Amino acid sequence: MTEAVDINVSEVIGKGYNRFWHNKSFYRVVKGSRGSKKSKTTAINFLYRLMRYEWANLLVIRRYSNTNRQSTYTDFKWAANRLKVAHLFKFNDGTPEITYVPTGQKILFRGLDDPLKITSISVDVGVLSWAWFEEAYQIENQEKFDTVVESIRGRHESPEFFKQVTVTFNPWSERHWLKRAFFDVKTRFKDVFAITTTYRVNEWLDKVDIDRLEDLYRTNPRRARIVCDGEWGVAEGLVFDNHKVIDFDWYKKFKEIQEKAHGMDYGFTNDPTTLSSTIIDVKNKKLYIYDEHYEKAMYTDEIYDMVINKGLEDAEIIGDGQEKRLISELRRKGLKGLKASIKGPDSIRAGVQFVQGFEIIVHPSCVNTIEELNTYVFQQDNEGNWLNKPEDKNNHLMDALRYSLEKYHLPRASRKKGVNANAVKSITG
């Protein structure tokens, strides 16, 4: 039998999620801005429900299995402590797996690395009745999602029995299949409950968190619409509208094409240091972005270690040419293949035009690259007309990508004397 646990739900979860908490539609979906407490609330809700319904078991899905351990699994540990019921659950850190001790019900964690393996999952007690897809925007196509949903099947004699798939994610491009499946009236699935939440329902954010989010309305209004208001990223005005998110075997692809490029952009307090790694198929005009790094407050030693850990100590890497001192320091430490990018009045335009000539294929693990591709836009004039000049925002990996490809389109002479606009025009068209 399940144990009776006295929980004051309103005190535990706060405001903004009452309908979500009680909903029993087959699809229960939350598109939430940063800091909207959707993941923590979902974890609390599932523990509470597991203790209430002795027939229930839960399958927790993320795009990659190794990301569960530091996200959803940790959220459940936090939730058990929040509910003061940690003594009722056995946490197996190795698997990971969680067992509700009084009944043997399970919370299982899997990744979509191989969705077919998920379909054979079974449980000892009750029914595998619920699934939670966390950070679902990382799932690049609906087919992988559907394969897992098909494993939520079976029945139970309890009159309270219900099956449910919960989907939580940060807002993404309006082109993403999640929008069509759950939010667009004409195309959404049947039996869907879908809401959008924002940081404004999270009463446990401190002033520093709130000020940081709200400052985006001043510094980057377009990004604020997504990060703060939970709106979809819009396709209008995108610098690169020629990209797709596709899972591919990068090692196999490299053996086939034999051409790579690496670029770096540098930041510290407000901007990240980034590294973009791409396989270039010049003949077929395709770029395969397979790896990235995106991190603020990196010191020189940390940047060096990151590059070494990626196995790029001997690789040619093109770094931001404005950071000559940092590049010199990294070269002295051993990164002999690190070079400064070309800076000139037409270098950005030339680089952007060159990349626009390719189809961009992004591995789903490159989440920051995907975000920038969906938020890097052209400037607008006072009347809302698009200008042929990108905004200097949401572009740290885009800049790294642009630097990495310079050798394919900029004349060698321009590396010493600045970009030759006429030569660039003849190359880029």
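**Aromatic clusters, sheet order and helix packing in a predicted model**

A cluster of linked ring pairs takes in Phe-46, Tyr-53, Trp-55, Tyr-73, Phe-76, Phe-91, Phe-109, Trp-130, Trp-132, Phe-161 and Phe-162. Rings of Phe, Tyr and Trp (its six-membered ring) pair if their centres lie within 6.5 Å; planes under 30 degrees apart count as stacked, over 60 as edge-to-face and the rest as tilted. The model is predicted, so local features need pLDDT of at least 70 and side-chain atom pairs count only at pLDDT 80 or more, while totals for chains, interfaces and linings use all residues. Residues are numbered from 1 along each chain as its sequence is written, and side-chain values use heavy atoms, with hydrogens and water left out.

By the ring rule, the count comes to 34 aromatic pairs. Trp-177 and Phe-182 form a tilted pair, because their ring centres lie 6.4 Å apart and their planes meet at 55°. Trp-250 and Tyr-251 pair edge-to-face, at 6.0 Å centre to centre and with 85° between the planes. Burial follows relative accessible area: buried means under 20%, exposed over 50%, and partly exposed in between (1.4 Å probe, protein chains only). Trp-177 is buried at 4%. Phe-182 is buried at 1%. Trp-250 is partly exposed at 35%. Tyr-251 is partly exposed at 49%.

Charged side chains also sit over rings. The criterion is NZ of Lys or CZ of Arg within 6 Å of the ring centre and within 35 degrees of the ring normal. The charged end of Arg-28 lies over the ring of Phe-20, 4.0 Å from its centre. Lys-40 lies over the face of Trp-78, at 5.6 Å from the ring centre.

Lys-40 and Trp-78 recur in a helix contact. Helices (H or I, at least four residues) and strands (E, at least two) are DSSP runs, numbered from the N terminus. Helix H3 (residues 38–52) packs on helix H4 (residues 72–82) at about 65°, with the axes 9 Å apart. Axes are lines fitted to C-alpha atoms, for helices over the stretch in contact, and angles run from 0 to 180 degrees between N-to-C directions. The crossing of H3 and H4 is right-handed. A crossing is right-handed if the near helix is turned clockwise from the far one by less than a right angle, and left-handed if anticlockwise. From H3, the contact uses Ser-39, Lys-40, Ala-43, Ile-44, Phe-46 and Leu-47. From H4, it uses Asp-75, Phe-76, Trp-78, Ala-79, Ala-80 and Arg-82. Contact means heavy atoms within 4.5 Å.

An open sheet of 7 strands runs in the order S9-S15-S12-S11-S10-S13-S14, with mixed pairing. Two strands pair if DSSP finds at least two bridges between them. Strands S9 (243–245) and S14 (338–340) stand at the edges, each with a single partner strand, so one side of each lacks a neighbour in the sheet. The twist averages 30° from one strand to the next.

Strands S11 (residues 273–281) and S12 (residues 286–295) run antiparallel, joined by 9 bridges. Ile-279 stands opposite Tyr-288. Thr-278 stands opposite Ile-289. The two strands form a hairpin with 4 residues between them. In the turn, Lys-285 has a positive phi of about 55°. S12 also pairs with strand S15 (residues 359–362), in the parallel sense and over 4 bridges. There, Leu-287 stands opposite Ile-360.

Helices cover parts of this sheet. Helix H13 (residues 324–333) lies across strands S13 (317–319) and S14, at about 160° to S14. Helix H16 (residues 396–404) is mostly covered, with 9 of its 9 residues buried. Its buried residues pack against strand S10 (260–265), S11, S12, S13, helix H14 (347–356) and helix H15 (367–373).

Two loop serines are buried as well. Ser-25 lies between helix H2 (18–22) and strand S1 (27–32), with a relative accessible area of 15%. Leaving out residues up to four places away in sequence, Ser-25 touches Lys-163, Gln-164, Asp-191, Val-192 and Phe-193. Ser-33 lies in the loop between S1 and H3, at 0% relative accessibility. With the same sequence exclusion, contacts of Ser-33 include Lys-38, Asn-170, Tyr-199, Cys-228 and Asp-229.
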